[in-house]
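I opened this notebook to keep track of what I look up in one protein model. The entries follow the order in which I asked.

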Amino acid sequence: MKVHAGVGVLFLLGLGLAPSSARAGVTPDGWHVHRGFYFNTDAGFAYSHYDFTGPADKVEAHGGGASVDFRFGYALTPNFVLSLDLTGTATVNKPDTTLNGATLRSNTDYHFASASAGAGLTWYFDNDLFLGLTVGSGQATFHYNNTDINSDNGFAAQARMGKEWWLGDDWGLGVVGGVDYVSAGSNMRLHVIDSSGSVYTAYLDHVDTRTFFVGFTATFN
């Protein structure tokens, strides 16, 4: 699975201007009830931590960045949605990075990213608060000098919670926060030049990523 995470912030206009609405039984027929085809997207700010480990080496990287998610699904009940979820995150350029505890510096631009695809469940409460869980497959990427080094596909999960405000029959905007996790095998070789000019190669065969995100969410249903 090719990883390519982007930066985006969607649907800012109107957030927080519409009052919270009640669900079926209070509003007109069918309004503000999740039913049928469901589309949702989140975008916002993220803070990620990447741990690459090997037989004798460990690389840690952490920094701010962005996240973006897409969900395509079906509302099985007015409160319960089943979906296919696509998630992606990326760090800023040159995040704080260490090799075996020593700070790494580079003259070349680089960043880290992760992406996943999986089955998602979203539960909406009557006050338009929601909880979501995704489980699937994902991978991490080290991007440098227009080159991508991808991990293997591994386990991925996301947990999120948020609040929506309805803007009409079909569209809702809101806020969301949560955490992404990816754990996968890796075949990464990191070549480092020390102060004496010698080249050291770190062998890294596993990666764990954790990303905390907060942002905006938009739903069509």
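The entries below go from the overall fold to the pocket, the cavities, one loop residue and the aromatic rings.

**Entry 1: overall fold**

I note at the start that this is a predicted model. I looked up the secondary structure and found 0 helices and 11 strands in the protein chain. Read from the N terminus, the order of elements is β-β-β-β-β-β-β-β-β-β-β.

I then asked what percentage of the 221 residues is buried. The value is 47% for the protein chain. For the surface, I recorded that the protein chain exposes about 10,800 Å², with 62% of it supplied by carbon and sulfur atoms.

I also checked the contacts in the protein chain with a separation of 6 or more. Of these, 66% are between residues 24 or more positions apart.

**Entry 2: the largest pocket**

I looked up the volume of the largest pocket, and it is about 440 Å³. Its lining has 19 residues, and the closest to the centre are Ser106, Phe142, Leu190, His191 and Val192.

Which strands each supply at least two residues of this lining? They are β6 (110-124), β7 (129-144) and β10 (171-193). The largest share comes from β10, with 5 residues.

I sorted the lining of the largest pocket by class and got 11 nonpolar, 5 polar and 3 charged residues.

**Entry 3: the cavities**

How many cavities of 30 Å³ or more are there? The count comes to 2.

The largest cavity has a volume of about 50 Å³. I listed its lining as Thr87, Ser114, Ala115, Ser116, Ala156, Ala157, Gln158, Asp180, Tyr181 and Val182. The strands β6, β9 and β10 each give at least two residues to this lining. By class, the lining of the largest cavity has 5 nonpolar, 4 polar and 1 charged residues.

The second largest cavity has a volume of about 40 Å³. I found it lined by Phe52, Ala140, Thr141, Ile149, Asn150, Ser151, Ser186, Asn187 and Met188. Two or more residues of this lining come from each of β7, β8 and β10. Here β10 gives the largest share, 3 residues. The lining of the second largest cavity divides into 4 nonpolar, 5 polar and no charged residues.

I noted that β10 appears in each of these lists: for the largest pocket, for the largest cavity and for the second largest cavity.

**Entry 4: aspartate 152**

Where is aspartate 152 found? I located it in the loop between β8 (147-150) and β9 (154-166).

I then asked whether aspartate 152 is buried, partly exposed or exposed. Its relative accessible area is 43%, so aspartate 152 counts as partly exposed, because that class lies between the 20% and 50% cut-offs.

Leaving out residues up to four places away in sequence, aspartate 152 touches Gly138, Gln139, Ala184, Gly185 and Ser186. One of these, Ser186, is also in the lining of the second largest cavity.

I also took the distance from aspartate 152 to serine 137: 9.9 Å from C-alpha to C-alpha, at 15 residues apart in sequence.

**Entry 5: aromatic rings**

I looked up the aromatic pairs, and the count comes to 12. One of them joins phenylalanine 39 and phenylalanine 72, with 5.3 Å centre to centre and 45° between the planes, a tilted pair. This pair links distant parts of the chain, 33 residues apart: phenylalanine 39 is in strand β1 (residues 36-53) and phenylalanine 72 is in strand β2 (residues 58-75).

Are these two rings' residues buried or partly exposed? Phenylalanine 39 has a relative accessible area of 19% and is therefore buried, since buried means under 20%. Phenylalanine 72 is partly exposed, at 38%.

I checked another pair, tyrosine 124 and phenylalanine 130. Their ring centres are 5.5 Å apart and their planes are at 45°, so this pair is tilted. Tyrosine 124 is buried, with a relative accessible area of 1%, and phenylalanine 130 is buried at 2%.

Last, I looked for an aromatic cluster. Tyr50, Phe52, Tyr110, Phe112, Phe142 and Tyr144 form one. Two members recur from earlier entries: Phe142 is among the residues closest to the centre of the largest pocket, and Phe52 lines the second largest cavity.

Terms used
Residues are numbered from 1 along each chain as its sequence is written. This is a predicted model: local features need pLDDT of at least 70, side-chain atom pairs count only at pLDDT 80 or more; totals for chains, interfaces and linings use all residues. Side-chain values use heavy atoms; hydrogens and water are left out. Helices (H or I, at least four residues) and strands (E, at least two) are DSSP runs, numbered from the N terminus. Buried means under 20% relative accessible area, exposed over 50%, partly exposed in between (1.4 Å probe, protein chains only). Contact means heavy atoms within 4.5 Å. Accessible areas come from the Shrake-Rupley method with a 1.4 Å probe; for residues, only the protein chains shown count as cover. On a 1 Å grid over the protein atoms alone, a cavity is a set of points where a 1.4 Å probe fits but cannot get out, and a pocket is an open set with protein on both sides within 12 Å along at least five of seven lines; lining residues have an atom within 4 Å of a point. Grid points are joined across faces, edges and corners, and a volume is the space filled by probe spheres set on the points. Ala, Val, Leu, Ile, Met, Phe, Trp, Tyr, Cys and Pro count as nonpolar, Asp, Glu, Lys and Arg as charged, and the others, Gly among them, as polar. Rings of Phe, Tyr and Trp (its six-membered ring) pair if their centres lie within 6.5 Å; planes under 30 degrees apart count as stacked, over 60 as edge-to-face and the rest as tilted.
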